[in-house]
Amino acid sequence: MTILMLKPELHHKIWGGTQLKQFNYQLDSDRVGEAWVIAAHQNGVSTIINGSYQGQTLSQLWQEHPELFGGHDADEKFPLLVKILDANENLSIQVHPNDKQSSENFGKTESWYILDAKPGAQLYYGHHAKDAKELTELVDQRDWDKLLRTLPVKRGDFFYVPAGTFHALGSGILALEIQQSSDTTYRFYDFDRLDKKTNQPRPLQIEEALAVTKVPHVDPILNQRTRIQDNTIIMRLLTSPKFTIDRLSIRGESHFNQHHKYELFNVIDGDLSLTDGQATYQLKKGDNFIMLKDTGNYMITGDGEIIVSFVTPKSYQKQELAYLDN
C-alpha cells in the first residue's frame with residue numbers, strides 16, 4: 001500500500017460558513033470554518049478511508065508504523081497540518097510563536113493558497129509599527145487602522161506566514177492552509193464580536209502576542225519558479241525551513257517520481273486518476289491523501305489542480321532557502 005486516502009475532521013468556528021460543501025464535505029451547520037484534511041494533532045485528526053489501515057487515524061499509523069513514513073523517533077510528532085478554511089467573516093488578528101516560544105515545542109509557521117475570494121476580499125498581513133514601542137502603543141490605543149496592513153487577494157494567490165507575523169484571513173476568502181502541526185494562536189483583536197454560544201467576547205492573549213511578534217514586519221522573499229513535467233506545469237510556491245509546496249496544473253498524462261519520504265496531496269480542482277505500482281485511484285476536488293515512502297514511479301492523468309507539500313529536506317537548506325525563520 002502506497003496511498004493513504006484521508007477523511008477530514010470538520011471544525012465549527014464563529015467566523016465559518018458553508019463553502020466547504022463544494023469540496024464534497026458533509027456539513028452539519030452553517031458555521032463550519034475549518035476542514036482538517038491532513039491532520040495528526042490532539043485537537044484534530046484525519047481518518048484513513050482505504051486499504052488495510054482503513055478506520056485507523058493518521059496519528060495511530062504514524063505512531064505504530066513509522067517505517068511507512070521513512071522512519072522517525074518514537075516521540076516525534078507528525079510535522080505538518082493541512083486545512084481548508086472558509087472565512088465567511090474575518091478571522092481574528094493573531095500571531096503564532098516559533099518553535100522555541102511555543103508551549104507545544106512546535107511553532108506555527110503557516111501558508112495560504114487562496115482557493116477562492118469574493119470581489120474586494122482582503123487579508124491582514126503584517127503591520128506598520130517601526131519598533132516594539134510603537135507596536136505596543138498602537139495595540140494599547142486600539143488604533144487598528146493605523147497598525148494593520150491589508151492586502152487585496154484573488155484566487156491563486158499565495159502567502160507565506162512565518163511565525164511572528166501579524167495576520168488574518170478576511171471575509172469572503174476560501175484558503176488551503178499548510179502549516180506546522182501546532183494549534184497555538186495568540187489573538188490581538190477579534191473585531192469586538194461576541195461568541196453566540198456564550199454572549200461573551202473570545203479571549204485575547206495580547207501580552208503573549210506582543211512577546212512573539214516580529215518588529216518591524218518584513219515580507220519574506222519567495223524563490224518561486226516553474227517547470228514542465230510531461231503535460232503538467234509545476235510551480236514551486238515555497239521552499240521554507242519547515243515545508244516545501246508545489247502546485248501541479250495537470251492537463252493530460254504525466255509521469256512522476258516520488259523523491260521524498262512521504263508527500264501530502266490536496267486535490268483542489270478537477271477530475272484525475274493516479275496510478276502507482278499497485279492500484280489506480282480516482283481523484284476529485286476535495287480529496288486528500290499521503291503518498292508513502294518508496295512509491296517510486298506514478299502517473300496522473302486528467303485535468304485538474306493539486307497542491308503537494310512535504311517536509312523540507314536538509315539538503316535544501318543551503319541550496320534553495322530564500323527566507324529563514326527566526
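User: What volume does the largest pocket have?

Analyst: About 470 Å³. Keep in mind that this is a predicted model.

User: Fine. Which residues of the lining are closest to the centre of that pocket?

Analyst: E76, P79, K261, Y262 and V311 are the closest to the centre, out of 19 lining residues.

User: And how does that lining split by class?

Analyst: You get 10 nonpolar residues, five charged and four polar in the largest pocket.

User: How much space lies in the second largest pocket?

Analyst: About 340 Å³. Its lining has 22 residues, and K13, E34, Q94, K108 and T185 lie nearest the centre.

User: Which elements give two or more residues to that lining?

Analyst: For the second largest pocket, those are the strands β2 (9-17), β3 (32-38), β7 (80-87), β9 (110-117) and β13 (167-169). β2 gives the most, with three residues.

User: What's the class split there?

Analyst: Nine charged, seven polar and six nonpolar residues line the second largest pocket.

User: Switching to aromatics. How many aromatic pairs are there in the whole structure?

Analyst: A search of the whole structure turns up 15. One of the pairs is W144 with Y189, which is stacked, with 4.5 Å centre to centre and 15° between the planes.

User: Where do W144 and Y189 sit in the chain?

Analyst: W144 is in helix α3 (residues 144-147) and Y189 is in strand β15 (residues 186-189). They're 45 residues apart, so this pair links distant parts of the chain.

User: Are those two buried or exposed?

Analyst: W144 and Y189 are both buried.

User: How about F265 and F289, what does their pair look like?

Analyst: That pair is stacked too, at 4.7 Å centre to centre with 15° between the planes. F265 belongs to strand β22 (residues 263-275) and F289 to strand β24 (residues 288-291), 24 residues apart.

User: Why do F265 and F289 count as buried?

Analyst: F265 has a relative accessible area of 0%, and F289 has 1%. Buried means under 20%, so each of them qualifies.

User: Which residues do ring pairs link into a cluster?

Analyst: W62, F69, F78 and Y262. You've met Y262 already, among the residues closest to the centre of the largest pocket.

User: New topic, T232. Where is it, and is it buried or exposed?

Analyst: T232 is in strand β19 (residues 232-239). It counts as buried, because its relative accessibility is 1%.

User: What does the side chain of T232 make a polar contact with?

Analyst: The side chain of S254, at 2.7 Å.

User: Leaving aside neighbours within four places in sequence, which residues is T232 in contact with?

Analyst: With those left out, T232 is in contact with R227, L248, S249, I250, S254 and F256. So S254 turns up both in that contact list and as the polar partner of the T232 side chain.

User: Now Q101. Where's that one?

Analyst: Q101 is in the loop between β8 (93-95) and β9. With a relative accessible area of 34%, Q101 is partly exposed.

User: What does Q101 have around it?

Analyst: Apart from neighbours within four places in sequence, Q101 is in contact with Y186, A211 and V212. A polar atom of the Q101 side chain also lies 3.0 Å from the backbone nitrogen of N98.

User: How far apart are Q101 and G164 in space?

Analyst: 10.0 Å, C-alpha to C-alpha, while they are 63 residues apart in sequence.

User: Last topic, backbone geometry. Which peptide bond is cis?

Analyst: The one from V215 to P216 is cis, with omega near -10°. P216 is in the loop between α4 (206-212) and β18 (225-229).

User: Why would a cis bond or a positive phi catch your eye?

Analyst: Because most peptide bonds are trans, and most residues other than glycine have a negative phi.

User: What is the phi of R142, and of D192?

Analyst: R142 has a positive phi near 55°, and D192 has a positive phi of about 60°. Neither R142 nor D192 is a glycine.

User: Where are they, and how exposed?

Analyst: R142 is in the loop between α2 (132-140) and α3, and it is partly exposed, at 41% relative accessible area. D192 lies in the loop between β15 and β16 (194-195), and D192 is exposed, with 56%.

Methods:
Residues numbered from 1 in each chain as written. Predicted model: local features only at pLDDT ≥ 70, side-chain atom pairs only at ≥ 80, totals over all residues. Heavy atoms only, no water. Helix = DSSP H or I, 4+ residues; strand = E, 2+ residues; numbered from the N terminus. Buried < 20%, exposed > 50% of the residue type's maximum accessible area, 1.4 Å probe, protein only. Polar contact = N/O pair within 3.5 Å; in protein donor to acceptor, adjacent residues only side chain to side chain. Contact = heavy atoms within 4.5 Å. 1 Å grid on protein atoms, 1.4 Å probe; cavity = no way out; pocket = protein on both sides within 12 Å on 5 of 7 lines; lining within 4 Å. Points joined across faces, edges and corners; volume = space filled by probe spheres on them. Nonpolar A, V, L, I, M, F, W, Y, C, P; charged D, E, K, R; others polar. Phe/Tyr/Trp six-rings, centres within 6.5 Å; stacked < 30°, edge-to-face > 60°.
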